[in-house]
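Here is a walk through one structure, written for someone who would rather look at side chains than read a methods section. Keep the viewer open as you go.

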Amino acid sequence: METLKFKTTINCGGCLAKITPFLNEEKSIEKWEVNILTPEKTLTVQTEETDPKKIIAAVEKAGYKIEQI
């Protein structure tokens, strides 16, 4: 299991509700959470895959900016 971290523009409960179906449908993700209290709005993902492109694509598909940190 690998843990990946991303800086995002997900910044409120409404954003979390919007992004949830996109991240939940990505089969490689075991667990995810967003810390909306930090300036980076850090998305932490536990995944079996080491390729972050699928996670980035899911977040961008939901309309948010994301970059790996």
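There is 1 salt bridge in this structure, and keep in mind that we are looking at a predicted model. The partners are Lys61 and Glu25, whose side chains come together at 3.7 Å, N to O. In sequence the two sit 36 residues apart, with Lys61 in helix H2 and Glu25 in the loop between H1 and S2, so the pair ties together distant parts of the chain. As a general point, side chains of opposite charge can pair when their charged atoms come close.

Is each partner buried or exposed? Lys61 counts as exposed because its relative accessibility is 60%, over the 50% cut-off. Glu25 has a relative accessible area of 48%, so Glu25 is partly exposed.

**Where the helices meet**

Lys61 also turns up in the packing of the two helices. On the H1 side the residues are Ile19, Phe22 and Leu23, and they meet Ile55, Ala58, Val59 and Lys61 of H2. Sorted by class, that contact has 6 nonpolar residues, 1 charged residue and no polar ones.

Two packed helices are described by the angle between their axes and the distance between the axes. Here the angle between H1 and H2 is about 145 degrees, and the axes are 9 Å apart. The crossing of H1 past H2 is right-handed.

**The nonpolar core**

Which residues touch the most other members of the largest nonpolar core? They are Ile19, Leu23, Trp32, Leu43, Ile55 and Val59, out of 17 residues in that core. Five elements give two or more residues each to this core: strand S1 (2-8), helix H1 (13-24), strand S2 (29-35), strand S3 (42-47) and helix H2 (53-61).

Take Leu43 as one example. Setting aside residues up to four places away in sequence, Leu43 touches Leu4, Lys5, Phe6, Thr8, Leu23, Trp32, Glu33, Val34, Ile55, Val59 and Ile66.

Ile55, a residue of helix H2, is another. Ile55 counts as buried because its relative accessibility is 1%, under the 20% cut-off. With residues up to four places away again left out, Ile55 touches Leu4, Phe6, Leu23, Ile29, Leu43, Val45 and Ile66.

**Around the start of S3**

Thr42 belongs to strand S3. A relative accessibility of 14% is under 20%, so Thr42 counts as buried. Beyond its neighbours within four places in sequence, Thr42 is in contact with Lys5, Phe6, Glu33, Val34, Asn35 and Ile69.

Asn35, one of those contacts, lies in strand S2. Asn35 counts as partly exposed because its relative accessibility is 35%. Leaving out neighbours within four places, Asn35 is in contact with Lys41 and Thr42.

Lys41 itself is placed in the loop between S2 and S3. What is phi of Lys41? It is near 50 degrees, a positive value in a residue other than glycine.

**The loop between S3 and H2**

Glu48 is found in the loop between S3 and H2. Glu48 counts as exposed because its relative accessibility is 51%, over the 50% cut-off. Not counting residues up to four places away in sequence, Glu48 touches Met1, Ser28 and Glu30.

**Pairs apart in sequence**

Three of the residues above can also be placed by a C-alpha to C-alpha distance, set beside the separation along the chain.

| Pair | Apart in sequence | C-alpha to C-alpha |
|---|---|---|
| Glu48 and Lys27 | 21 residues | 9.4 Å |
| Asn35 and Cys12 | 23 residues | 9.6 Å |
| Ile55 and Ser28 | 27 residues | 8.7 Å |

Ser28 appears twice in this account: Glu48 touches Ser28, and the C-alpha atoms of Ser28 and Ile55 are separated by 8.7 Å.

Technical notes. Residues are numbered from 1 along each chain as its sequence is written. This is a predicted model: local features need pLDDT of at least 70, side-chain atom pairs count only at pLDDT 80 or more; totals for chains, interfaces and linings use all residues. Side-chain values use heavy atoms; hydrogens and water are left out. A nonpolar core is a set of buried Ala, Val, Leu, Ile, Met, Phe, Trp, Tyr and Cys residues joined through side-chain atoms within 4.5 Å. Buried means under 20% relative accessible area, exposed over 50%, partly exposed in between (1.4 Å probe, protein chains only). Helices (H or I, at least four residues) and strands (E, at least two) are DSSP runs, numbered from the N terminus. Contact means heavy atoms within 4.5 Å. Axes are lines fitted to C-alpha atoms, for helices over the stretch in contact, and angles run from 0 to 180 degrees between N-to-C directions. A crossing is left-handed if the near helix is turned anticlockwise from the far one by less than a right angle, and right-handed if clockwise. Ala, Val, Leu, Ile, Met, Phe, Trp, Tyr, Cys and Pro count as nonpolar, Asp, Glu, Lys and Arg as charged, and the others, Gly among them, as polar. A salt bridge is a side-chain nitrogen of Lys or Arg within 4 Å of a carboxyl oxygen of Asp or Glu.
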